[in-house]
Amino acid sequence: MSMPQNHRFTVQLGASELILETGKLAEQAGGAVMLTEGETVIFATATMSKNARPGIDFFPLSVDFEEKMYAAGRIPGSFFRREGRPSEQAILTSRVIDRPLRPLFPDDLRNDVQIIMNAFSVDGIHHLDMLGIIASSAALHLSNAPWNGPVAGVRVGLIDGELIVNPTIQQMEKSQLDLRVAGTAEAINMVECGALEVDEATMLRALKLAHDSMQPVIAVINQMREQLGRPKSTYVPAATNSKLTEQVAAKSADRIRQIIATETEREARNLALDALREEVVTAFMSENELVTADDGFEPGDAREAFAGLIEKEVRRRIVEDGIRPDGRTTTQIRPLAAEVGLIPRVHGSGLFKRGQTQVLTIATLGTPGDAQEIDSLGAEKSKRYMHHYNMPPFSTGEAIPLRGPKRREIGHGALAEAALRPMIPPESEFAYTIRLVSEVMSSNGSTSMASVCGSTLALMDAGVPIKRPVAGIAMGLIKEGEKVAILTDIQGLEDHMGDMDFKVAGTEKGITALQMDIKISGVSDAIMTQALEQARVARMQILEVILAALPASRADLSAFAPRITTLPTITCPGWCLCLGGKRC
């Protein structure tokens, strides 16, 4: 018996050739692709279940990046000597791959789709994350899963003033920019970025370069689909009922509009809408009003139709009237407040509040020996600056068992860490290990950017000589046909019902971090330009509030912080008095 036929495709990305192969491995997977750059090899599979998962109102997609230490010629640590829970880097890689894929699935798909990636080989030269997007996109496009792809991912660096596509790990050590972008042939649909105070104009040039550079990769994935793709499966769409929606609308649409127009306070609005919803559900269960249970629908169907009417009215009011649920205009920021020094004995603390979003960050200083040792496939071996983010259930008024940090919490912590990293003094100037922990006290939109602001306050309160304070803001988008509204400082409702979550962090001099996720197929250059400009204006307002709370880092460390004394370097003269003037 011979091996299955292997099909090989090549494409240029930056200075490297990518090799995509399919057909030889994983015959029973929905789609399988092996991607090679240099001696780095990633294998991706995409498989869809035959039947929809019953009783759910969401799309069950799972994306997992598997780190296997054999890829780097290493044996895992620990007593077990095998891979266990995913590392933080593996979780972040899984998230960055998930984000551009998810929006392109049908809204009414309820079949499980599972994407698994394995790093077979790592050469220490080429990055894994953007290769993971390309490999998983190709596997998904070849599979039978319905999907409106493909997408591709690319990294852009800024080295000696020049934008570089697909730089190596070694080149990135000298880069002012680490921009990761994914998109379709038409538009960008995911951005993740860390930067050394890069200005908005340069960032827009880098984004355009990234989108242009990924087009040959997208073309090759389409070519693979044309030659080798499986027929896309038909699926049973999630139940929708226009008759039910019409009758729920007839019963409640006008009252929904009135509540949203008059109740600008979140709690009062939610109470009024909840009461109206239950009234509609009660009528739904009656034999004389609306659709009855005999028609095969449950109370949950009426609740879902009611939620859809709320979303429709919120979006209509924003794009047509320019008024948001809390009465703000599209560019207004919610009321801001900042404090420092709240907690005794800790080395530094900062509290930042924006509307109902409130984050408390605690700073702890340690010795160089407290640096975190990293056991993953990445190039980083240790970290002296760590940022951890926690969002307990009480922050949203819920009671849910605590089960450790979730992927979202790890992702938000990494984003805040990236935003502040360029401002952390080097070890030669400040030898301490730094740990920040952001505790979300209350959440109503963009806790990650509030964490950036609270962390700046905590660092300054701890006496860390940061270069400049950093602030963050979350931008949103509502797009209805040709009507577009870009929102500054989105709250929870706008995040849930909007089309974009675009987080921007930076100093007065430039951007230090970006993260964008969208629910539509992509955004234009004009939208990106306007969003970045609105974010810059908002960032300056927030920085004023931060500096009013504490104008500069404290001159002295906390009395409870460890003390590290750095002795000056002494050049040996070649003789020592302690030896009676003899030479050493």
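A residue is called buried under 20% relative accessible area, exposed over 50%, and partly exposed in between (1.4 Å probe, protein chains only). The model is predicted: local features need pLDDT of at least 70, side-chain atom pairs count only at pLDDT 80 or more, and totals for chains, interfaces and linings use all residues. Residues are numbered from 1 along each chain as its sequence is written, and side-chain values use heavy atoms, with hydrogens and water left out.

**Exercise 1.** Classify lysine 208 and aspartate 212 by accessibility, and describe how their side chains meet.

*Solution.* Step 1: lysine 208 has a relative accessible area of 45%, and is therefore partly exposed. Step 2: aspartate 212, at 41%, is also partly exposed. Step 3: their side chains form a salt bridge of 3.1 Å, N to O; the term requires a side-chain nitrogen of Lys or Arg within 4 Å of a carboxyl oxygen of Asp or Glu. Step 4: both residues belong to helix α4 (residues 200-213), four residues apart, about one turn of the helix. Helices (H or I, at least four residues) and strands (E, at least two) are DSSP runs, numbered from the N terminus.

**Exercise 2.** Determine which parts of the chain are joined by the salt bridge between lysine 383 and glutamate 417.

*Solution.* Step 1: the N to O distance of this pair is 2.9 Å. Step 2: lysine 383 is in strand β15 (residues 382-383) and glutamate 417 in helix α9 (residues 407-420), so the bridge ties together parts 34 residues apart in sequence. Step 3: lysine 383 is buried, at 8% relative accessibility, and glutamate 417 is buried at 4%.

**Exercise 3.** Describe the surroundings and the pairing partners of strand β12 (residues 348-354).

*Solution.* Step 1: six of the seven residues of β12 are buried, so the strand is largely enclosed by the rest of the structure. Step 2: β12 runs antiparallel to strand β11 (residues 336-340), with five bridges joining them; pairing requires that DSSP finds at least two bridges between two strands. In this pair, glutamate 339 stands opposite leucine 351. Step 3: seven bridges connect β12 in the antiparallel sense to strand β13 (residues 357-366), where isoleucine 362 stands opposite serine 349. Step 4: β12 and β13 make a hairpin with two residues between them, and glycine 355 in the turn has a positive phi of about 60 degrees.
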